[in-house]
Amino acid sequence: MKKTLSIIALSVIGFGFVSCKKENKEVTGTETAASTPAAKGDSAAVAPVSGETTAAPASNQPLTTVALSENNFDFGKIKKGDKVEHVYEITNTGTNPLVISKVKPGCGCTAPDFTKDPIMPGKKGKITLRFDSTNFDGNVNKFADVFANVEKAPIRINFTANIQP
């Protein structure tokens, strides 16, 4: 009985750490090669530093390089309960096809979609993040990790929003 209660308590605590909760703090530890957020319309080579070191290139594809139209997006003020989305444009700046194998959001409130076909050199693909603000108040900062055949995968893309009642 004691063992069961301990397991349940640890599960509840663990779920609390990884669940999608209200956030009023910014995610730290993510920098890009440009070291400043890309302004809308700017191209920035993306080489984020992330806590994950186990990420491998997408299915042993030859490596390539990419540029994002932006790696940070601000939705500004939105109403609690709004469902918003943003499309990040990714350009293959290398010489091999770009293969995005997975886009992993930081929490369940964000749903990803992305170009599934290989993106040829010089061509563009899309990564869409859909955010449901129902469970949030105030300022939020969310992210998703993009796993692809680039040297420093995953690539981290971010968005912020100010959720109003």
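Here are some questions and answers about this predicted model.

Q: How many helices and strands does the chain have, and in what order do the elements run?
A: Let's start with the count: the chain has one helix and nine strands. The helix sits at the N-terminal end of the order, with the strands after it. Written out from the N terminus, that's α-β-β-β-β-β-β-β-β-β.

Q: What share of the residues in the chain is buried?
A: To count as buried, a residue needs a relative accessible area under 20%. The chain has 165 residues. Those that are buried make up 37%.

Q: Which element gives the largest share of the largest nonpolar core?
A: This core has 30 residues, and among those with the most contacts inside it are Ile90, Val103, Phe131 and Ile157. Elements that give two or more residues to it include β3 (72-79), β4 (83-92), β7 (124-132) and β9 (155-164). The largest share is five residues, and it comes from β9.

Q: Which residues is Val103 in contact with, leaving aside its neighbours within four places in sequence?
A: Val103 is one of the residues with the most contacts inside the largest nonpolar core. Contact here means heavy atoms within 4.5 Å. Leaving those sequence neighbours aside, the list is Pro112, Phe114, Ile127, Leu129, Ala144, Asp145 and Val146.

Q: What share of the contacts between residues at least 6 apart in sequence joins residues at least 24 apart?
A: Set aside the contacts between residues that are less than 6 apart in sequence. Of what's left in the chain, the part that joins residues at least 24 apart is 68%.

Q: How many residues apart in sequence are the parts that Asp137 and Lys80 tie together?
A: The structure holds five salt bridges, and Asp137 with Lys80 is one, its closest N and O atoms being 3.0 Å apart. Asp137 lies in the loop between β7 and β8, while Lys80 lies in the loop between β3 and β4, so the pair ties together parts that are apart in sequence by 57 residues.

Q: Are Asp137 and Lys80 buried, partly exposed or exposed?
A: Partly exposed covers what falls between the 20% and 50% cut-offs. Asp137 comes in at 30% relative accessibility, and Lys80 at 35%. So Asp137 and Lys80 each count as partly exposed.

Q: Which strands hold Glu85 and Arg130?
A: The side chains of these two meet in a salt bridge, at 3.0 Å from N to O. The pair links distant parts of the chain, 45 residues apart. Glu85 is in strand β4 and Arg130 is in strand β7.

Q: Are Asp145 and Arg156 buried or exposed?
A: These two form a salt bridge, with the closest N and O atoms 2.8 Å apart. The pair links strand β8, where Asp145 is, to strand β9, where Arg156 is. Relative accessibility is 2% for Asp145 and 10% for Arg156. With the cut-off at under 20%, Asp145 and Arg156 each count as buried.

Q: Where is Pro154 found, and what is the peptide bond from Ala153 to Pro154, cis or trans?
A: Most peptide bonds are trans. Pro154 is found in the loop between β8 and β9. For the bond from Ala153 to Pro154, omega is near 0°, and the bond is cis.

Q: What share of the exposed area do carbon and sulfur atoms supply?
A: The chain exposes about 9600 Å². Of that area, carbon and sulfur atoms supply 56%.

How values were computed
Residues are numbered from 1 along each chain as its sequence is written. This is a predicted model: local features need pLDDT of at least 70, side-chain atom pairs count only at pLDDT 80 or more; totals for chains, interfaces and linings use all residues. Side-chain values use heavy atoms; hydrogens and water are left out. A nonpolar core is a set of buried Ala, Val, Leu, Ile, Met, Phe, Trp, Tyr and Cys residues joined through side-chain atoms within 4.5 Å. Buried means under 20% relative accessible area, exposed over 50%, partly exposed in between (1.4 Å probe, protein chains only). Helices (H or I, at least four residues) and strands (E, at least two) are DSSP runs, numbered from the N terminus. A salt bridge is a side-chain nitrogen of Lys or Arg within 4 Å of a carboxyl oxygen of Asp or Glu. Accessible areas come from the Shrake-Rupley method with a 1.4 Å probe; for residues, only the protein chains shown count as cover.
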